[in-house]
Amino acid sequence: MYDLIIKNGNVVFRDGVRKVDIGVKNEKITCIAEEITNEAKEVIDASGQYVMPGMVDTHVHISEPGRTEWEGFETGSKAMAAGGTTSYVEMPLNALPATINKEALDLKLDAAVNQNYVDYGFYGGLVPENLDKLEELADAGVLAFKCFLSDITSDIPGDFTNVDDYTMYKGMQKIAELDGILCIHAENPSVTSKLTEEMIKEGRTSAAEYVDSRPIFTEVDAVQRAILFAKETGCKLHLVHISSSEAVQVILKARLEGLDVTVESCPHYFAMTAEQVAEIGPKAKCQPPIRKAKDQAKLWDELLNGNIDWLTSDHSPCTEDLKQGNIFEAWGGISGVQNNVDLMFDLAVKQRGLAVEKFVDLIAFNPAGRFNLPYKGEIAVSKDADIILLDPNQSYVVRREDLYYKNKHSAYEGRKIDCRVTKTIVRGNIVFDLQKGIVGKPIGKLLSAVK
Ligand SMILES: NC(=O)NC(NC(N)=O)C(=O)[O-]
Ligand SMILES: [Zn+2]
Ligand SMILES: [Zn+2]
């Protein structure tokens with residue numbers, strides 16, 4: 001007797017797609033066979049659909065507690081469930097206080113209980129004043145550390161700030177000792193902040209000028225410096241939301257030379273060009289910026305050639321008033337997590353011919369492996385039954401009223417997507433069904449690393 005059987009689907013394994021049935025018991029995948037005829041409490045007919053591991057999104061900002069009006073665990077995780085994400089790792093910034101010591105992490109852990117529809121874990125932040133807190137954060141179970149090279153200043157007490165070089169160096173030494181990973185937002189803060197000042201002063205505040213205020217070389221420069229520091233300290237490195245082929249090439253070269261470094265990029269860098277951002281407006285503002293069409297084409301080559309390790313949403317929501325005005329004034333961060341899986345499946349698999357098993361590596365297997373979650377990210381016996389169904393023949397238009405975000409704005413509003421996540425299952429529990437919406441209770445559990 002199984003808890004759940006998923007029948008007749010095109011199941012995506014790491015080595016290809018096979019039409020098989022999946023049996024789930026006690027939250028795990030316990031059987032994969034051509035035909036399972038046993039009894040089950042629930043049977044799903046997945047005919048005509050892909051059956052894949054849910055997305056393991058290692059880059060999500062939920063600003064609860066402290067800025068809960070921007071996004072909360074409940075609304076954010078419902079959006080993830082509806083979009084095909086089954087686990088996520090939450091960034092140490094945007095909530096107040098930032099997650100830079102154990103007390104702040106405890107506030108997050110408390111706030112997250114009984115609110116999440118999908119499984120969740122946390123980052124610890126690295127900032128100039130918390131070098132002596134990294135160990136307590138690691139002991140308390142953060143899955144990785146995160147720092148900003150890019151300028152991020154705030155006069156609100158407890159808010160996140162960027163690192164200076166000394167902090168990056170010392171932080172990497174400590175994180176190497178703890179056998180952790182440091183994830184870095186890589187942009188040269190001095191150049192980007194001065195260019196920004198200059199352009200605002202001159203009234204050059206169009207979307208095109210915003211892109212020019214954060215040129216690709218500032219990303220490459222910060223990546224190179226992070227790599228140099230990682231070589232010196234032996235710290236494992238991961239570069240978040242990389243926006244340019246030039247930066248990917250630098251990372252690839254360092255990896256070939258033996259450095260333990262990985263790289264992520266995000267759907268918005270593939271789904272929109274700077275030229276389109278000029279039309280969409282501040283809802284599509286992020287840092288680093290969405291690049292021009294000619295640069296995006298090169299980033300696509302990197303993704304299709306297997307040079308980008310995985311995709312993340314970088315879901316960084318805010319209230320709508322912060323997305324008004326000119327693009328320089330608006331909040332930098334895109335709400336996108338609800339449409340990431342089907343949007344990227346459409347763009348990469350359907351439109352550009354990426355093999356569906358490679359797609360699954362990009363959304364699930366690779367991030368789960370890097371973040372020491374070997375029980376996630378793959379359809380295989382003994383793994384958690386975190387499974388999504390995706391219908392490659394269904395189209396939909398992103399509509400505001402369908403979004404679960406606390407603030408229902410999206411850079412993708414009005415966009416047509418030619419495939420759709422129709423069911424999301426977390427450890428054997430159906431949490432989203434296209435017909436019914438969010439189903440059941442917030443059953444999300446805290447992730448723990450297996451080293
Ligand atoms: N404070 C943020 O959430 N920033 C985020 N914003 C973006 N990417 O525009 C990020 O990840 O840097
Ligand atoms: Zn960032
Ligand atoms: Zn982010």
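1. Let's start with the zinc ion (ligand 2). In this predicted model, its protein donors are H185, through ND1, and H241, through NE2, at 2.0 to 2.1 Å. H185 belongs to strand β10 (residues 181-185), while H241 sits in the loop between β11 (236-239) and α8 (245-256). The two histidines are 56 residues apart, so this pair links distant parts of the chain.

2. On geometry, the zinc ion (ligand 2) has four donor atoms around it, and they subtend angles of 56 to 148°. That spread makes the arrangement irregular, because four donors count as tetrahedral if all angles lie between 85 and 135 degrees.

3. Are the two histidines at this zinc buried or exposed? H185 has a relative accessible area of 2%, and H241 is also listed at 2%. Buried means under 20%, so that is the label for H185 and for H241.

4. Now the zinc ion (ligand 3). Its protein donors are H59 (NE2), H61 (NE2) and D314 (OD), lying 2.0 to 2.1 Å from the metal. Along the sequence, the spacing of these donor residues reads H-x1-H-x252-D. H61 is in the loop between β6 (55-60) and α1 (73-83). D314 is in the loop between β13 (310-311) and α12 (340-350). With their positions 253 residues apart, H61 and D314 make another pair that links distant parts of the chain.

5. What arrangement do the four donor atoms around the zinc ion (ligand 3) make? Their angles run from 86 to 125°, which makes it tetrahedral. For reference, the ideal angle for four tetrahedral donors is 109.5 degrees.

6. The burial check works for this zinc as well. H61 comes out buried, with a relative accessible area of 4%. D314 is buried too, at 7%.

7. How far apart are the zinc ion (ligand 2) and the zinc ion (ligand 3)? The two are 3.9 Å apart, so anyone looking at the irregular site may want the tetrahedral one in view as well.

8. Last, the cavities. Searching the whole structure turns up one cavity of 30 Å³ or more, and the largest cavity has a volume of about 30 Å³. Its lining is made up of Y210, V211, V277, A284, K285, P289, I290 and I327. By class, the lining residues split into seven nonpolar, no polar and one charged. The charged one is K285.

Conventions
Residues numbered from 1 in each chain as written. Chains lettered and ligands numbered in written order. Predicted model: local features only at pLDDT ≥ 70, side-chain atom pairs only at ≥ 80, totals over all residues. Heavy atoms only, no water. Donors = N, O, S within 2.8 Å, 3.2 Å for Na, K, Ca; no water. Tetrahedral: all angles 85-135°; square planar, octahedral: opposite > 155°, others 65-115°. Helix = DSSP H or I, 4+ residues; strand = E, 2+ residues; numbered from the N terminus. Buried < 20%, exposed > 50% of the residue type's maximum accessible area, 1.4 Å probe, protein only. 1 Å grid on protein atoms, 1.4 Å probe; cavity = no way out; pocket = protein on both sides within 12 Å on 5 of 7 lines; lining within 4 Å. Points joined across faces, edges and corners; volume = space filled by probe spheres on them.
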